[in-house]
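The following exercises concern the surroundings of a bound ligand and of one histidine. Please work through each task with the structure in view before reading its solution.

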Amino acid sequence: MLQQDDIDALRSQTVQPRTLLINGDARSSRSGESLTVFSPIDGSELTTIANAGVEDVDEAVRAARVSFESGVWSKASPAERKKVLYRVAELIEKHALELAVLGVRDNGTEIRMAMRGEPGSAAATFRYYAEAIDKVAGEVAATAVNYFGMAQREPVGVVGAIVPWNFPLMIGAWKLAPALAAGNSVVIKPAESASLSLLRVAELALEAGLPAGVLNVVTGRGSVTGEALALHMDVDVLAFTGSGTTGRRLLEYSAQSNIKRVFLELGGKSPNIVFADAPNIDAAVEGSVNGMFRNSGQVCVAGSRLIIQKSIADAFITQLVAAANALIVGDPLNLDSDIGAISNEEQLHKDLEFVDIARNEGATLAAGGSRILEDSGGYYMQPTIFTGVDAQMTIAQEEVFGPVLSVIEFDDIEDAVRIANATPFGLAAGVWTSNLTTAHRMVRSIRSGVVHVNCYGGAAISLPLGGMKQSGNGYDRSLHALDKFTNLKTAWFSH
Ligand code: ADP
């Protein structure tokens, strides 16, 4: 059980300046440069991280390649890899509170969410792929009798991973665990505003027995460190979660370099559709609020377009606004806070700009809209709701990645489908109805990777998450994620 005293004992511990982790060594960047890390809780300087340049990234990729070629991990038996990854999961669990508090000081997620969503989820992910790795086999094909044809799975080699700041451990583990389980060596670049907890997990992985060079961490700016990794000629696969703008760049970098495979999990503008026959309106209100505002809306699958049937719109909106206004926004390390801080100052300003744009385009501000708790020095924003939103407005088309919900009204199921699909994104959706036919029709008609029915969120590691349209390609989670990190080698034997 999470106790405030335990959190408070960790919240003000000094965080030592952090280094890169290359070939098992903790070291500064070659240039000696570092970046200051500010805590979104109060805007104070938390520590520094190394600012890796092209040379550092090159050394990290080389270390990964050498470890891969040595076979120390890539040729270890699945049973041996399983043992080490299990130990990683155990160590993450053992250090769960330390990791969660460190992560929250870095990125501002409310601690209750962070405990579940970060170390909790990362440990479960490592355990899932540890268990999976000796159960996923290749194929023996149907061939003419004088041939034996098979396809076996091989690790791809060196995997580059670039991850964002909203859930560094959860999303980091979605890339690391299947990539490592499959026998690859990895270079991971966390976001500059949330590197600390992933660096700690990499140390724990070494402690768990992962050989040096198999997991390397390079920190620094996306435009330098991330770009160097994405352009590197010796990275075989790049796995990314982040913005569409960066995702597009990564595809270009691949084309400009070695045509590495690039797997993207990008943004969303996910529709959450409430029909008048929703089985439980209170549950729909609660699900809509949680599906939107947890982690201040900094969630790629956030249900950021509430699409509500006209006949119940007024009553539903009244309840929704009351529920949003009742959320306690505050110090993310306080167990009483429902919502923590916006992860970084730049993002807070982007969120507030969207509020201005929505107002100027004629949407009605029904809740929130402002920065709060400014005296704390931290970056906090009220849960914000716009009503009277037209499906074509900027606020209904572009991902805010902050606590801003757009409410759009619809007449009938055709109208709901049309609005739901009227964005360039296709990541997630929600449908609230007691009519089974409506539910099935919506699941079939909505172009998104996941559709939640009478709930929003709560996905398990055993099911895939992947975007359609401009929300990305490839799948995180589930056994399907292993496809990104394995080659299929075909062999023909004649006899
Ligand atoms: P967000 O807007 O959520 O910060 P980004 O796509 O900018 O999303 O960031 C996600 C990750 O991509 C971060 O680790 C960031 O440093 C990295 N990144 C940003 N720009 C680039 C780039 N040009 N090349 C490679 N990585 C980048």
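**Exercise 1.** Determine which helix gives the most residues to the shell around the ligand.

*Solution.* Helix H9 gives the most, with 4 residues. H9 spans 244–256, and H8, E10 and H9 each supply at least two residues of the shell. Helices (H or I, at least four residues) and strands (E, at least two) are DSSP runs, numbered from the N terminus. The model is predicted: local features need pLDDT of at least 70, side-chain atom pairs count only at pLDDT 80 or more, and totals for chains, interfaces and linings use all residues. Residues are numbered from 1 along each chain as its sequence is written, and side-chain values use heavy atoms, without hydrogens and water.

**Exercise 2.** Identify polar side-chain atoms that lie close to oxygen or nitrogen atoms of the ligand.

*Solution.* Step 1: a polar side-chain atom of Thr246 is 2.8 Å from a ligand oxygen. Step 2: for Trp165, an N or O atom of the side chain lies 3.0 Å from an oxygen atom of the ligand. Step 3: Tyr253 places a polar side-chain atom 3.3 Å from a ligand nitrogen.

**Exercise 3.** Locate His232 and state whether it is buried or exposed.

*Solution.* Step 1: His232 sits in the loop between helix H8 (222–231) and strand E10 (237–241). Step 2: its relative accessible area is 14%, so His232 is buried; buried means under 20%, exposed over 50%, and partly exposed in between (1.4 Å probe, protein chains only).

How values were computed
A polar contact is a pair of N or O atoms within 3.5 Å; within protein, one must be able to donate a hydrogen and the other to accept it, and residues adjacent in sequence count only if both atoms are side-chain atoms.
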